[in-house]
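Please open the model in your viewer and keep the sequence panel visible. The stops below say what to select next and what is there.

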Amino acid sequence: MPDATVTSVTSPVTIRPEEAAHFGALAAEWWDPKGSSAMLHKLNPIRLGFVRNAIDMHWGGDIEAAKPLTGKRALDVGCGAGLLCEPLARLGAEVTGVDASSQNTQAAAAHAEGTRLDIRYIPGELGSAGLGHFDLVTSMEVIEHVGDKQAFVIQLAAHLAPEGLMVLSTPNRTLKSRTLLVGAAEALGQVPRGTHHWDDFVTPDELEELLDKAGLVMGKPRGIGFSVSKGLHLSDDLALNYIVTARHA
């Protein structure tokens, strides 16, 4: 197991207070599949499918195993109320979730207690928490909300064990994402107004450069697309949203 005691990462503040406040205000509804986080509930199975496949490929595990993360430490950054942390715990990991909003980590801890899952939740900046190294680091739909994207990625890399696996997802900055993820989604009430700021979306090329500067190598991105017949699904089309793996170079 990686050494869990490591000094805190010294880096600029990445949390935007207004973003933390926005998502903290939604904490009470986070686990309601028909509430303000309904889109995340729809996204979660798609992301989990990608994560499970990435785990099996990275560690060469048994694809039929119920708990492929047994004996491993997992960190979810920007964890919200624990929508990803809980499945990772059920896959066998020792899970830590970090979020900018204390309301979210409180809601996450309460839900985990109700489901009898032992998950550690910590509010605040990742870089000042001194959490150590993790075999798996995830951060889903988060980088578009942070103040200093390069500092944030460096923080993520600093917490990834030498042979560890990272998984990130984020909206792409395209005309299609502006039209559908910002305009239409907010107009139709699929996401709360003010959730997305299109100028902060990150293209795959930009993310690859951010990861490279942090000493990480990005895997081939997969799109998360939408169609009437399939709903949300993994796709070769990266125009809306995409998900990638990363490893130490």
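Start at strand S5, where Thr170 stands opposite Tyr242 in strand S9. Helices (H or I, at least four residues) and strands (E, at least two) are DSSP runs, numbered from the N terminus. This is a predicted model, in which local features need pLDDT of at least 70 and side-chain atom pairs count only at pLDDT 80 or more, while totals for chains, interfaces and linings use all residues. Residues are numbered from 1 along each chain as its sequence is written, and side-chain values use heavy atoms, with hydrogens and water left out.

**Strand S5 and its neighbours**

Select residues 160-171, which form S5. Of the 12 residues in this strand, 10 are buried; buried means under 20% relative accessible area, exposed over 50%, and partly exposed in between (1.4 Å probe, protein chains only).

Now add residues 241-248, strand S9. S5 and S9 pair in the antiparallel sense, with six bridges between them. Two strands count as paired if DSSP finds at least two bridges between them.

Next add residues 134-140, strand S4. S4 and S5 run parallel and are joined by six bridges. To find one of the partners, select Met140, whose bridge partner in S5 is Ser169. Between S4 and S5 the chain passes through helix H5 (residues 149-158), making a right-handed β-α-β crossover. Right-handed here means that, with the strands pointing away from the viewer, the path from the first strand over the helix to the second runs clockwise.

**Helix H5**

Select H5 by itself. Is this helix mostly covered or mostly uncovered? It is mostly covered, with eight of its 10 residues buried. Among the buried residues are Phe152, Val153 and Leu156. What do the buried residues of H5 pack against? They pack against strand S1 (73-77), S4, S5, helix H7, strand S6 (216-218) and S9, where contact means heavy atoms within 4.5 Å.

**Two residues with positive phi**

Go to Glu141, in the loop between S4 and H5. Its phi is positive, about 55°, although Glu141 is not a glycine. Glu141 is buried, at a relative accessible area of 12%.

Then select Arg116, in the loop between helix H4 (102-114) and strand S3 (120-123). Arg116 also has a positive phi, near 60°, and is not a glycine. With 80% relative accessibility, Arg116 counts as exposed.

**Salt bridges**

The structure holds nine salt bridges, each a side-chain nitrogen of Lys or Arg within 4 Å of a carboxyl oxygen of Asp or Glu. Three of them can be visited here.

Select Arg52 and Asp56, whose side chains meet at 3.0 Å, N to O. Both lie in helix H2 (residues 38-59), and because they are four residues apart, about one helical turn separates them. Arg52 is buried at 18% relative accessible area, and Asp56 is buried at 9%.

Move to Glu206 and Arg173, a salt bridge whose closest N and O atoms are 2.7 Å apart. Glu206 is in H7 (residues 204-213) and Arg173 is in the loop between S5 and helix H6 (175-187), so the pair ties together parts 33 residues apart in sequence. Glu206 is partly exposed at 30% relative accessible area, and Arg173 is partly exposed at 27%.

Finally, select Arg222 and Asp236, which form a salt bridge at 3.7 Å, N to O. Arg222 is in strand S7 (residues 222-227), and Asp236 is 14 residues away, in the loop between strand S8 (231-235) and S9. Arg222 counts as partly exposed at 27% relative accessibility, whereas Asp236 counts as exposed at 67%.

**Two cysteines**

How many disulfides does the structure hold? There are zero, a disulfide being a pair of cysteine sulfur atoms within 2.5 Å. Select Cys79 and Cys85 to see why: the sulfur of Cys85 is 4.7 Å from the closest cysteine sulfur, in Cys79, too far for a bond. Cys79 is buried at 5% relative accessible area, and Cys85 is buried at 0%.

**The whole chain**

Zoom out to show everything. The chain has seven helices and nine strands. Of its 249 residues, 55% are buried. The chain exposes about 11,300 Å², and carbon and sulfur atoms supply 56% of that area, computed by the Shrake-Rupley method with a 1.4 Å probe, where for residues only the protein chains shown count as cover. Among contacts between residues at least 6 apart in sequence, 70% join residues at least 24 apart.
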